[in-house]
Amino acid sequence: MSVDIKPPPCSDEMRNVRDALVQKLGSDVGLFALGAAVSHVVQLTASDDEAAHNLAYYVLSDVALTQKILRLSNSVSYRRVVSTPVTTISRAIFMLGFDTVKTSALAMLLVDSLSNHKHAQSIRTELADALRASLVGRELARRSHYQDAEEASIAALFKNLGRLLVASHEPACLRQIEGLVTAGEHSPAQASAHVLGCSFEALAEAVLAEWNIPATIIHALSAVPAGKQRMAGNRQIWMRQVASFSVEASKLLARDDIEVAADSHKLLAHFGAALNLDTKKMHELFVSVTEEMRVLTESLKLDGTDIKAADAGSGMPDVLLMTTADTKAEGFHPSGKPINARDLLLAGVQDVIQMRALGRSKVNELILLVLETLYRSMGFRFATVCLKDIKLGQFRARVALGEGHTSRQARFIFQMVPERDLFHLSMENNTDLMIADASSEKIRDLLPAWHRALLPDARSFIVLPLVVQKVQIGLFYADRVLPALEGLPPDEIALIKALKGQILAALSGT
């Protein structure tokens with residue numbers, strides 16, 4: 001990653017410091033990976049028809065991110081929105097909102113990338129400030145009439161990225177900058193320019209530009225004019241005001257000294273008219289953000305608490321404790337299937353029914369929800385939905401989850417021309433297949449060559465055909481690398497069929 005910064009004129013010594021920092025950031029593989037991930041999530045927009053599907057798919061591709069989103073979704077603060085446990089990312093997005101899950105995911109990516117840094121202890125405060133600022137921005141975005149207002153929350157999250165990167169990569173420089181400011185001879189901008197050869201803002205803008213973050217977000221990092229702010233005449237100015245207010249508010253909320261009240265009044269005088277805030281509204285905003293920050297801090301372990309201890313007191317439903325476990329110790333059958341598979345399947349059925357009843361979900365969103373439910377509740381290693389492609393005369397995997405999902409999805413293809421194999425027979429007879437041990441001779445003889453080549457180690461799997469009025473639409477497929485000797489009891493079979501039934505009803509328009 002190369003960062004092109006255009007700072008104000010500076011001495012050779014200052015330029016050397018700046019260039020060394022830029023080179024250090026550019027050679028950080030972890031930072032490059034963070035940029036790619038952030039760019040991908042930022043560019044998912046709610047206005048896209050596939051937005052919810054793509055966001056769910058991205059989160060599900062990262063096990064750690066999935067666990068954190070589910071843990072956050074089931075915290076007391078968020079569970080008040082819904083009455084039943086949130087067991088799938090698809091439902092988390094549907095019930096909590098696209099923007100909430102998206103901004104939470106961005107915050108989690110930032111924390112995961114930087115909290116394990118060798119200077120983790122010194123940047124914990126900076127991370128907390130950034131996360132708190134994003135929550136302030138999100139609350140203001142919710143009240144806004146602007147389209148895609150959540151970008152202001154993203155701008156607030158990254159407003160102090162330059163300072164955060166310096167804290168994580170050059171903590172000595174940050175201490176030097178703070179020393180100059182404390183001495184009273186330099187403003188923060190002057191001190192950072194003196195030590196780094198550029199301002200924190202210039203560094204953040206350059207890095208975000210390298211990450212291909214939209215220009216509207218980068219421009220929102222610019223400082224607002226001094227003095228009382230007027231109501232914004234356009235969305236870009238409003239975003240700058242929100243980002244600046246959010247950062248200042250975050251710093252206030254982190255303090256507990258006697259001057260907080262006075263500084264709070266100054267902040268309100270500066271931004272109140274522009275952001276439609278008065279004393280009461282700002283107090284309510286601060287109370288809400290403080291509670292959300294507490295939940296987020298616990299969820300991301302920013303307070304340094306032990307993960308197991310935190311989970312024990314989190315109030316998470318038992319149905320979720322196994323799905324977010326880091327090991328397969330006591331909650332799983334030898335095959336990898338969760339002991340509480342029935343409860344997880346039932347929660348998935350309820351999710352699909354609720355989403356269909358509300359009438360806001362699309363068929364592809366429901367399909368992803370069912371696939372996710374099957375994958376997580378049954379402990380499969382790979383799961384996909386395969387749909388007919390009439391133009392190519394094939395059945396092709398359209399979405400997949402699990403181990404090697406990208407490469408396997410690309411190769412999970414078979415011809416529409418009927419053959420005497422397990423997949424065509426399942427669709428021709430409209431019969432659900434639940435194979436406990438694929439090593440038996442009868443099953444092996446029915447496995448097509450493409451499946452044996454693609455998934456040679458599949459030992460137990462299911463095939464759920466999607467047939468509407470005798471028309472073959474496709475199928476669900478999911479497998480494990482171990483035989484499922486525990487079998488499937490009647491209640492689990494019924495729930496699996498109920499999940500498929502909901503998709504068939506959606507496909508047929510009933």
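In this predicted model, helix α15 has a long list of buried residues: Trp 238, Met 239, Gln 241, Val 242, Ala 243, Ser 244, Phe 245, Ser 246, Val 247, Ala 249, Ser 250 and Leu 252. The helix itself runs over residues 235-253, 19 residues in total. From first C-alpha to last, α15 spans 26 Å, close to the 27 Å expected at 1.5 Å a residue. Just at its start, Asn 234 comes into play, with a side-chain oxygen within 3.1 Å of the backbone nitrogen of Gln 236.

Next up is the packing of α15 against helix α9, which covers residues 151-158. The two axes sit 8 Å apart and make an angle of about 45 degrees. That angle is neither under 35 degrees nor within 65 to 115, so α9 and α15 count as oblique to each other. Their crossing is right-handed. On the α9 side, the residues involved are Glu 151, Ala 152, Ala 155 and Ala 156. These meet Arg 235, Trp 238, Met 239, Val 242, Ala 243, Ser 246 and Val 247 of α15. Several α15 residues turn up in the buried set too, including Trp 238, Met 239 and Val 242.

Elsewhere, Ser 104 belongs to helix α7, made up of residues 98-114. The relative accessible area of Ser 104 is 5%, so this residue is buried, the cut-off being under 20%. With neighbours within four places in sequence set aside, Ser 104 is in contact with Ile 69, Leu 72 and Arg 138.

How values were computed:
Residues are numbered from 1 along each chain as its sequence is written. This is a predicted model: local features need pLDDT of at least 70, side-chain atom pairs count only at pLDDT 80 or more; totals for chains, interfaces and linings use all residues. Side-chain values use heavy atoms; hydrogens and water are left out. Helices (H or I, at least four residues) and strands (E, at least two) are DSSP runs, numbered from the N terminus. The expected span of a helix is 1.5 Å times one less than its number of residues. Buried means under 20% relative accessible area, exposed over 50%, partly exposed in between (1.4 Å probe, protein chains only). A polar contact is a pair of N or O atoms within 3.5 Å; within protein, one must be able to donate a hydrogen and the other to accept it, and residues adjacent in sequence count only if both atoms are side-chain atoms. Axes are lines fitted to C-alpha atoms, for helices over the stretch in contact, and angles run from 0 to 180 degrees between N-to-C directions. Angles under 35 degrees count as roughly parallel, over 145 as roughly antiparallel, 65 to 115 as roughly perpendicular and the rest as oblique. A crossing is left-handed if the near helix is turned anticlockwise from the far one by less than a right angle, and right-handed if clockwise. Contact means heavy atoms within 4.5 Å.
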